[in-house]
Amino acid sequence: MVNLVKMDLIELAVNGEKRLVMARPADTLLHVLREQLGLTGSKPSCKNGDCGACTVLIDGQPIKSCLMLAVEALGHEITTIEGLKDSPIQRAFIDKFAFQCGYCTSGFIMNCHALSVIHPDAGDETIREWLQSNLCRCTGYEEITEAIKSVLAQEPKENNG
Amino acid sequence: MQKVGIGVSVPRKESQDKVTGLAIYNTDYLSPKLLYAWLVTSLYAHAEIKSIDTSEAFKVVGVQAVITGDSYHLLCGPVIEDHPPLAKEKVRYFGEPLAVVIANSEAVAKEAAGKVKVEYNPLPVVNSLASALKEGAPLVHENVAFYKQVKPNEIFSKAGTNIAQHVKIRKGDLPEGWRQSEVIVESNFSLPQSNHIAMEPRNAIAEIKADGQVIIHASTQAPFDVRKILCRCFNLADTQVIVNTPLVGGGFGGKTNVQLEIIAYLASQAVHGRAVKLIESREQDMTSSPGHLGLEARVKIGATRDGTMKALEITLEVDVGAYVDSGSQMTRAMAADCTGPYHIDHVWCDAYGVYTNHTYVTAFRGFGRLSYVFAIERTMDKLAFALGIDPLELRLKNALKSEDTTPTMVRLNKSSIGNLPACLTKIKSMMNWQEGVRRETGSNKVVAKGISCLWKTSSSPPDATSGAIITINEDGTLNLNVGTVEIGSGSKTSLAQILAEKLSMDVNKIHVVMDVNTGISPSHWKTVASMTNFMVGNAVLDAAEDLVEQLRSIASIVLRCPPEVLEVGGGKVYLKEDPEIYIEINEIGNGYEYPEGNSIGGQVIGRGSFIMHHLVHMDKDTGKGKLGPAWTVGAQAVEVEFDTQNYTYKILKAATVIDAGKVLNPKGARGTITGGMCMGLGYGSRESCLYGEGGERKNPQLRTYHLMRFGENPTYLVDFVETPLIVAPYGLRGIAEHGIIGIPAALANALTTAAQVELNQTPLTPETIWQAKRGKLDDSL
Ligand code: FES
Ligand code: FES
């Protein structure tokens, strides 16, 4: 008989709170965030690292939560879209019409937010390099470009693209 | 009075939820009571199922049930019932669901699904349109003649062949057309199947209550169709089925198909009605659920030397895959519009929907138009070249206009067709067309432009309906309840704008009910065909009129005057001649109370509905008929920078000018168009379903099936023409799908000009261009 029910109680630091969750060794962070904590803002789409819909921040760095095991997140600060409150990039996404169905939006916003914090003076090349990890099937990326540019420093130091 | 209605870029109503992660999609439906299903899918494209052994799967702890196709005598399908929800006796495509494991968790279900052992007896695979249509080809379906036709007026299959649908257009006198032609051009085209890739994978939840009530939660564009099809398949009364649909994470036509809802229902049945959630993996979404059709086309066009088109003969062979679903409808829709937006007196079209052992297909943005438009628009360029006429001028010369007839013999008028010449004139200056379509810019680089035109009508059932309900809150705001699903097109917001305009109200004072529940929401055919604003918009206007009439009648008592002298606007009912005499609608919207306590009125509920009219089925022999109320037209162009040494290219610009009738929400409309253009560029440049020799799918993942990514998009140029459609709210025309339609053709025309070789297939990768350049398909040097 196969027994798949071995689970461990682990403590995750999510959006500034300590949360206890039950996780199997093979459970991804995405799965635990959604199914155990009800943080469904992070979306499953490819569960293979190809689309970025599941992007969260681990110690401020964007990570695809479908590729990270829940246990790997032990001892790290996890930020999900639910932990972002009234940030400039969220406002910019609304102002610029940067989403349609919205399913890719949490992932894009988390990635954009990290970019704006880590490289506030990013130029076109850096923006492109970062945001190519996320897919959007609805928009033509024009409005997302406008949104990220509007929250980055007005005059990029990096001069490329 | 603040007024925010038509023509204003109102942010979508659900904006806050979508940027905070609080927006709820069907995948987000969580509950400890849920069981989870996982599909076991076929490893062969065509094979007899010798046996399915589920014993090992049952041994996995947490498994509740395993179901297989042979337990059911069930055939489903929206047009012809040819489709067992779980394969029975044989599999007809790689990835076809043949069993389902239901377990306490998805991990367990998936683990156990891997232990289901299937023995196959491989059959010859129908792996291309050519092999499907060959004499004596193996049959994908042996018993087509015995299948029940749900829409007998709309499907003409040929027993004993793989032809599931044959649509004919016979307009004018073709031999006469050739006699009048001085120049004739011909070409063949090949466009493979592709995938929708909505970012939310397809998924459904089913539950059957003790009293037989069926509750479905589905990520669908067609909740009312889900209900209808479940009722038909399982002999249920429509009151017995309730379908709930929250926000949908993209559809593009792929969620018009009813598949997982049926499987989830069977799964729930197998566990005594408990709620079962079925989410497809991305790979399953790309192989087990339907994709976008493939097409092989032969086009022959004749014209006089001055460029007047006289004759068109076109054969369309549509790869509908293993089951018809809506493939037959798209075959029909393509045939009906087969000329492109050009006036041609003599037209023959034979459009075949052909069964193959590929994944079956369903509606896709543009409902087939993008594929045949590629063939027509490439041939237009070839004709222009043969005539020595500028390709844009040739299109301008032949553009359909009022009084012309369509291939299905509908006489057009000023309202039913948009203004294509105006679109072409605009795009001409937008793309700086006069500077020429090809210029060498040094170091092996060529910059080239290509153009194409599009037109599209809808293809709804002739009796498609929509409804709308409006109620008034205590604070004077309104609630708008409609049966359309919010799939990303912003339709709920557009409908609020239509209502705001009609009642001269601030759109922020109109709340929309986001979710659809078929037990409560007024019904709507489906959220497809760019018809929401037209159909539901008309129902909203009708409901608004009903509301206004009721408000005036109550206000007339309170204000002591006849209702005719009253007007409703800005949240008030007021005297036309003296707006200072008024009553706020919230004072009468839920009953009016006189100071001494007497009350009149009661709740005011605005009810509205809409039904299509004067649509006519296409005639079996000539195609004469009318599928939709009007046509949207547009012109599109692409500019590329091409490397003549290694055949790589960069897409510099893409342009669209479309006759929107009336632009409801400028920013929203631009986004809808550019989104379609981006998808069209992806389809034209990289997307295709690759099948191996045995019909197995080679690229069912987003790392092998490439989409346009951030930064690969060109500069978009978008503009509108506004020729009102008089039967539509504020004159609007559907534009939601259209951004995609002409783009692959415009790209191919630009690259043909750049590479100076005819490019008649997609996807246009450097490799396929190189192959065309070499004139053969092998890659030996
Ligand atoms: S779901 Fe994680 S990258 Fe696609
Ligand atoms: S908004 Fe739908 S996928 Fe990006």
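This passage describes two interfaces in a predicted model, one between domains of chain B and one between chains B and A. Local features require pLDDT of at least 70 and side-chain atom pairs pLDDT 80 or more, while totals for chains, interfaces and linings use all residues. Residues are numbered from 1 along each chain as its sequence is written.

By an automatic or database assignment, chain B has domain 1 (15–22 + 464–611), domain 2 (31–125 + 199–250 + 255–287) and domain 3 (294–460 + 616–780). The C-alpha centres of domains 1 and 2 of chain B lie 40 Å apart. Contact (heavy atoms within 4.5 Å) links 20 residues of domain 1 to 17 of domain 2. The two domains bury about 1,400 Å², 61% of it on carbon and sulfur atoms; buried area is the accessible area (1.4 Å probe) lost on being put together, summed over both parts. One salt bridge (side-chain nitrogen of Lys or Arg within 4 Å of a carboxyl oxygen of Asp or Glu) is found across this interface. B:D225 pairs with B:K526, with the closest N and O atoms 3.5 Å apart.

Between the chains, 61 residues of chain B are in contact with 51 of chain A. About 4,600 Å² is buried, 57% of it on carbon and sulfur atoms. In chain B, B:V19, B:M199 and B:F710 lose the most area to chain A, together 20% of what that side buries. Six salt bridges are counted between chain B and chain A. In one salt bridge, A:R137 meets B:E687 at 2.8 Å, N to O.

Terms used:
Chains are lettered from A and ligands numbered from 1 in the order in which they are written. Side-chain values use heavy atoms; hydrogens and water are left out.
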